[in-house]
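Trainee: I am new to this structure. Could you take one part of it and go through that part closely?

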Amino acid sequence: MTRSLVPVILAGGKGERFWPLSRKHRPKQFLSLDGSDRSLLQATADRLLSVAGGWENLWVITSAPIADGVREQLPHLPEVNLLVEPEGRDTAPAVAWATLEVSKRHGKEVVIGFFPADHWIGDRAAFEKTLAAASQIAIAEASIVTLGITPNQPSTGYGYIEQGEFKGSFGGLPVYLVSRFTEKPDRDTAESFISTGRFSWNSGMFIFRAGVVLEELHAHAPNIIEPLLKQGKEVYPQLEKKSIDYALMEKTQLAYVLPANFDWDDLGDWNAIERLLKGDGKNVALAKHVELDTKGAILYASDSNEAIVTIGIEDVVIVRDGNVTLIVDKNRTQEIKQVLKLLQGDPHLEKLL
């Protein structure tokens, strides 16, 4: 008999917008960004362990270059529960392969949950209650349950999910058919979404029975699931690079949304530090900071012996890590990825990636 939910952590991302702290050998999920001593990956495992019932039922899928880092971060994870992709091909191949592997051990009726390794979740009890409800839905219905985050602002950084038909309450929580998934909107559109009360942020967390998703992948993404069935992970380099949203969630008729109310952040870039840690102070400093006339700054230094001194600036991010110092306007942190492309072409600078 299996547990009611087998969690799989998606830990293959790079987190480039947290450069220079996030690098090739040290991606975002290996970092502690909330002032604690636990990395994002470790914190994700911590909150899923009780749901899994122990390490033997917790799985992680990651990419080959950082697999050893995952082993160091999670020394209690059984080696057989660590799935190592030969190369990253986005989330559709990851979900397909992991679902195949978990179902080989636990059967097609097992309920699987997929959870990105780089999320911050504040209320563990509310999170566990939501997962219990999602598992009930997955058992009762042929469904792919996605957790929608109830918006607290008209964010333009997330995709949105529109609620359709009400399908009942599970564990005291309402669940709806998905009417549609949307791309990241502009601000006016985001405000109109929120005003209806029918939209949630797309969290990228999914819960379903293995057999349901395998059937849906055969119907909507045969070019991903069928090669994996025949050849296993060796076929990875030939697979289409595609997200699970595009490959499956936007096509299936079995998508359900469970609006969740726990505190959540996907920690997309350096501005997330301010959302997590901003108190009454003028700045957020995970560093020794000496300032004159500075406000709205986010500061980080990986070496506690180093200091950052600022005079007469506002709304900037300053990050000091080893041989790199980044200074960027808070409103332009999304452009860090463009800088990394410039570094890639320079043999003297590539070592900074």
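**The open sheet and the helix beside its edge strand**

Mentor: This is a predicted model. The part to look at is an open sheet of four strands, in the order β12-β14-β16-β17, with mixed pairing. Strands β12 (284–286) and β17 are at the edges, and each has a single partner strand, so one side of each has no neighbour in the sheet. From one strand to the next, the twist averages 5°.

Further in, β14 (residues 298–301) pairs with β16 (residues 316–321) in the parallel sense, over four bridges. One place to find this pairing is Ile298, whose bridge partner in β16 is Val317. Strands of a sheet can pair either parallel or antiparallel, in both cases through backbone hydrogen bonds.

Now go to the edge strand β17 (324–329), which is part of what covers the buried residues of helix α10. This helix spans residues 336–344, and Ile336, Leu340 and Leu343 are buried in it. Seen down the axis of α10, the buried residues fall within an arc of 55°, so they line one face of the helix. Gln338, Lys341 and Leu342 lie on the other side of α10 and are exposed. Neighbours in sequence can therefore differ here: Leu342 is exposed, over 50% relative accessible area, while Leu343 is buried, under 20%.

To put the part together, β17 is an edge strand of the sheet, and β17 is also among what covers the buried residues of α10.

Key: Residues are numbered from 1 along each chain as its sequence is written. This is a predicted model: local features need pLDDT of at least 70, side-chain atom pairs count only at pLDDT 80 or more; totals for chains, interfaces and linings use all residues. Side-chain values use heavy atoms; hydrogens and water are left out. Buried means under 20% relative accessible area, exposed over 50%, partly exposed in between (1.4 Å probe, protein chains only). Helices (H or I, at least four residues) and strands (E, at least two) are DSSP runs, numbered from the N terminus. The arc is that of the directions from the helix axis to the C-beta atoms. Contact means heavy atoms within 4.5 Å. Two strands pair if DSSP finds at least two bridges between them. Axes are lines fitted to C-alpha atoms, for helices over the stretch in contact, and angles run from 0 to 180 degrees between N-to-C directions.
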